[in-house]
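Student: Could you take me through one part of this model up close? I'd like to start with the empty space inside and then see how the helices pack.

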Amino acid sequence: MATAAQFSYITVNSPNFYPSANKRFAFSRQLKDGAKFYTDVTSSRRKLKLLSVVCSNSSPSSDSISSTAKIRSEVLTPFRSVRMFFYLAFIASGGLGGLIASTRLIAALANSSRAAEVPEILKGLGIDLGAVSVFAFLYYRENRAKNAQVARLVREENLANLKLRVDEKKIVPLSAFRGIARLVILAGPSAFISECFRLSEPFTDGLLERGVLVVPFATDGISPSFEFEENEELEEKISRRKRLWQLAPLYATEWTKWIDEQKKLANVSPESPVYLSLRLDGRVRGSGVGYPPWNAFVMQLPPVKGIWSGLLDGMDGRVL
């Protein structure tokens, strides 16, 4: 903007701009100023374009997330759009038939000589109205299921964009663990997190073998303290415990917003501590109020390594 203002001032207020001065000098000066202005504007546009690319890569907009959710919905239910199209076609066909039958009925009622046609016309009109009602109900149910699925996928995409700290130098989105780990998100006061840490100790090896990693989020803003015994004989066990609890949520406001939305949808009190268990593909497989069932995770989930790992990757449980 400053460059544009300078160029405007030079071309309008400069005495060399008017024909009374040296026209050749004025014209050459305008060309130089114009070239400089074009160069500055081009450079600015390049910088703005680069900035927009960086911003789009760092935080995707809600529109892009919605389009991604719609694409995933089409992939998960590829024949839903076809069914909805035929429902609309049948509704239109039945509506057109009902309109024609209605005009015939009016004409028959107005003409006493056609009174014998009234029962047949009423029968056809009833069939048309029944067909419209049935297919309208099927379309409404299908559209409702589609909207619910898209809303769930949008929530999953929002969850996937939340950030986690792996260590002091590495920060990744939650989606980076898709296909790698089954995350268990704990949300509650620090005392709840500490108790979950204590209850998980006997199942540490089993949880790690099944690719489980814990994401503790303290809703009261107090960082939970995890006490690891300093013992050289138990060094390997302590290392496995730390690996199970190594993830830490970042940007508490975004995490709080997402968790509060889930509690509101599930009609759970905002103060209640909850847990969410994710599948390998990042989708929610289970949730509940209170302490997570560590023993159930060990019994239900297949190991992520070994001869059966590839066959049982999809046996994480149904999606909520």
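Tutor: The second largest cavity has a volume of about 40 Å³. Keep in mind that this is a predicted model. Searching the whole structure turns up two cavities of 30 Å³ or more. Rolling a probe the size of a water molecule over the atoms is what shows where empty space is left.

So who sits around the second largest cavity? Its lining is made up of Leu174, Phe177, Arg178, Ala181, Leu183, Leu278, Arg279, Leu280 and Gly282. Sorted by class, that lining has six nonpolar residues, one polar and two charged. The two arginines, Arg178 and Arg279, are part of that lining, and arginine counts as charged. One of the lining residues, Leu278, also falls within strand S6, which spans 274-278.

Strand S6 is a handy way over to the helices. The loop between H9 and S6 holds Asn267, and Asn267 has a positive phi of about 55° although it is not a glycine. On the other side of H9, the loop that follows strand S5 (248-249) and leads to H9 contains Tyr251. Tyr251 has a phi near 60°, again a positive value in a residue other than glycine.

Now for H9 itself, residues 252-265, and its partner H5, residues 118-160. For a pair of packed helices, the description rests on the angle between their axes and the distance between the axes. The axes of H5 and H9 come within 11 Å and cross at roughly 155°. That angle makes H5 roughly antiparallel to H9. The crossing of the two is left-handed. In side-by-side terms, Arg155, Asn158 and Leu159 of H5 meet Trp258, Gln262 and Leu265 of H9. By class, this contact has three nonpolar, two polar and one charged residues.

H5 has another helix to deal with: H4, residues 80-110. Here the axes are 8 Å apart, and the packing angle is about 155°. That makes H4 roughly antiparallel to H5. H4 also passes H5 in a left-handed crossing. Counted by class, the contact of H4 with H5 has 19 nonpolar, seven polar and six charged residues.

To pull the helices together: H5 is roughly antiparallel to H9, and H4 is roughly antiparallel to H5.

Definitions and conventions
Residues numbered from 1 in each chain as written. Predicted model: local features only at pLDDT ≥ 70, side-chain atom pairs only at ≥ 80, totals over all residues. Heavy atoms only, no water. Axes fitted to C-alpha atoms, helices over the stretch in contact; angles between N-to-C directions. Helix = DSSP H or I, 4+ residues; strand = E, 2+ residues; numbered from the N terminus. Parallel < 35°, antiparallel > 145°, perpendicular 65-115°, else oblique. Left-handed = near helix turned anticlockwise from the far one by under 90°. Contact = heavy atoms within 4.5 Å. 1 Å grid on protein atoms, 1.4 Å probe; cavity = no way out; pocket = protein on both sides within 12 Å on 5 of 7 lines; lining within 4 Å. Points joined across faces, edges and corners; volume = space filled by probe spheres on them.
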